[in-house]
Amino acid sequence: MKRFKFSFHPRLVDALRDYDGSKFFQDLTAGLTVGIVALPLAMAFAIASGVKPEAGIFTAVIGGFLVSALGGSRVQIGGPAGAFIVIIYGIVEKYGVANLLIATVFAGMMLCAMGVFRLGSLIRYIPVPIVIGFTSGIAVLIALSQMKDFFGLHIEKMPGDFFAQIQTLAQNFASFNPTSIVIGVLSLALIFAWPLLLKPKTAELESPLNGRNHRMRRLLRALPGTIIVLVLATLAVSLFDLKVDTIGSKFGGIPQGVPDFQLPEFSWALVQHLFAPALTIALLGAIESLLCARVADNITGDRHDPNQELMAQGIANVVTPFFGGIPATGTIARTVTNIRAGAASPVSGILHALTLLVIVLVAAPLANSIPLAALAAILLYVAYNMGDWHEFARLRHFSMNYRILMLSTFFLTVIIDLTVAVQVGLVLACVFFIYRISSLTRIEQIPNEETSVELPPGVHAYSIFGSLFFGAVGKLEGLIEPKAMPEKALILELHQLINLDATGLDALETIRKSLQKHGSQLILCGLNRQPRDLMRRSGFLDRLGEENCLPNLQSAITVSAAINE
């Protein structure tokens, strides 16, 4: 039995062993870049989740710091994520912000436990169509939740249910604000167009006279379109006194200072109801962070420690709620930005958190004029990038099982609930897997085209291929039908049986007893290690008799010929 061994080894420890000034400069550049990118996303995710914008910023600061300092990835950036928006909004609407914080702490404990007991690799077993289905479904819900601010609709509070949201938007669409629409459309257009506008032209690359323009484009290209939109939209609202909803008018601005430590209100009556939301946060956080780490590994050629990453995510989610934060996880967009900005170690993630903290301490009052329509445009861009829309166009190239898994998860996520969608998706995946494996299990009669052996009178023989488990035992039933019962012996040739479970063993025991009742004998030959070990531990071999468990088909035929002579 393998002995359990606890291991807590942050990647930062290894990175600091040969750390030098050049690596620090790389990390500083990357940290500043990611910090600027993270600012609008953190506020937008928090607002879309039904909490104040500072909750997102504090999560990015504290959670981002802890994930980088304690995590198992060299370049992963932690913070609030778009995937959590729908979950957080539903919890806030049903249980309130205080209970969201408690659920987040519970989720953090679950993540820590998953890392301690080394369950990180199990997250990879979730089928790809389920992941695509729920991430695309979440993207649709994020986009739908932003219609209110994008169009400037006069809606006090959006419901959490999909159809209720559609109905509320339709009923209140006449209250749209033209100014909000203009800001939203221009912001969205600029975000999409920004990389194209700054794409270097061939003439600029070839001509030394245009070198300055090329350098300027490269400098501007380092700035993300989301920041440009945030700055321009805020300036437009401030300079022209545009009548639109802003962070200041909606939330009273962002506090200029470090968040205070506070204990959320605890109610034992609600704890039992918070288990399911906490489990959802934990599972989604684990999936999102480890998927993000795998994406980072593919880009950098590095290899992360999934269990250390889960422990870091868990600690971050235990700590951040005590400072008013929301769930945190690994974030793909910011992690990829970190890599492309030249990050050399987890120090870049720590510097990204410190950059956000400095912005809050110095420039928090400037956030008052940020229009919600611009933040809605940023989230629409995030939703567009989150969904794997090209996979829907390619569905016709995949099997029916793949289509059912992906589409059922997608529609259940959008219409009902993410938890239900993942549960149903996993159940369907298991059912399809069982069906697939059982279809590979074959029972063929001997002699056949491949075997030219001769059997003694009253002896039947069959070869079993594949896995004899609970999903395939039905294929054995025809071997002991009264009309097919052999007079002397039934030989089962098992050298291509790769796996046997308890249900399959029980079916073999039933066959042995049925044959014994009719004065016949069960003979096995060619047993592999796993089936033999299970038969020996269960006592089946003792009941069968060692003389009836033979190494090959020819010896089994010889033994069967001697029966009743």
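Here is a friendly conversation about a predicted model, touching on helix packing, one buried serine and some backbone details.

Biologist: Let's start with Ser-136: which helix is it in, and is it buried or exposed?

Modeller: Ser-136 belongs to helix H6, which covers residues 128–145. Its relative accessibility is 0%, and the cut-off for buried is under 20%. Ser-136 of H6 therefore counts as buried.

Biologist: Which backbone atom does the side chain of Ser-136 reach, and at what distance?

Modeller: Setting aside neighbours within four places in sequence, Ser-136 is in contact with Gly-387, Asp-388, Trp-389, Phe-392 and Phe-410. One of these, Asp-388, offers the atom you are after. The side chain of Ser-136 reaches the backbone nitrogen of Asp-388 at 3.3 Å.

Biologist: Now to the helices: are H2 and H3 parallel, perpendicular or oblique to each other?

Modeller: Two packed helices are described by the angle between their axes and the distance between the axes. For H2 (residues 21–48) and H3 (residues 53–70), the axes come within 7 Å and cross at roughly 130°. Angles of 65 to 115 degrees count as roughly perpendicular and those over 145 as roughly antiparallel. H2 and H3 fall in neither class, and so they are oblique.

Biologist: Which residues make the contact of H2 with H3, and how many are nonpolar, polar and charged?

Modeller: The crossing of H2 and H3 is right-handed. H2 brings Leu-39, Ala-42, Met-43, Ala-46 and Ile-47 to the contact, while H3 brings Pro-53, Ala-55, Gly-56, Ile-57 and Ala-60. Gly counts as polar in this scheme, and the contact of H2 with H3 divides into nine nonpolar, one polar and no charged residues.

Biologist: How is H2 placed relative to H12?

Modeller: H12 spans residues 225–240, and its axis lies 8 Å from that of H2, at an angle of about 65°. That angle makes the two helices roughly perpendicular.

Biologist: What is the handedness of that crossing, which residues meet there, and how do they divide by class?

Modeller: H2 passes H12 in a left-handed crossing. From H2 come Ile-36, Pro-40 and Met-43, which meet Thr-226, Ile-227 and Leu-230 of H12. By class, the contact of H2 with H12 has five nonpolar, one polar and no charged residues.

Biologist: Which elements do the buried residues of H16 pack against?

Modeller: In H16 (residues 332–340), the buried residues are Arg-334, Thr-335, Val-336, Asn-338 and Ile-339. After H16 comes Gly-342, with a positive phi near 95°. The buried residues of H16 pack against H2, strand S1 (78–79), helix H14 (268–300) and helix H17 (347–363).

Biologist: Arg-118 and Asp-241 have positive phi without being glycines; where are they, and how exposed is each?

Modeller: Arg-118, with phi of about 60°, is in the loop between helix H5 (97–116) and H6. Asp-241, with phi of about 50°, is in the loop between H12 and helix H13 (247–251). Exposed means over 50% relative accessible area. So Arg-118, at 42%, is partly exposed, while Asp-241, at 52%, is exposed.

Biologist: One last thing: which residues does the cis peptide bond join?

Modeller: One partner sits in the loop between strand S3 (442–446) and strand S4 (459–468). The omega of this bond is about 5°. The cis peptide bond joins Ile-446 and Pro-447.

Methods. Residues numbered from 1 in each chain as written. Predicted model: local features only at pLDDT ≥ 70, side-chain atom pairs only at ≥ 80, totals over all residues. Heavy atoms only, no water. Helix = DSSP H or I, 4+ residues; strand = E, 2+ residues; numbered from the N terminus. Buried < 20%, exposed > 50% of the residue type's maximum accessible area, 1.4 Å probe, protein only. Polar contact = N/O pair within 3.5 Å; in protein donor to acceptor, adjacent residues only side chain to side chain. Contact = heavy atoms within 4.5 Å. Axes fitted to C-alpha atoms, helices over the stretch in contact; angles between N-to-C directions. Parallel < 35°, antiparallel > 145°, perpendicular 65-115°, else oblique. Left-handed = near helix turned anticlockwise from the far one by under 90°.
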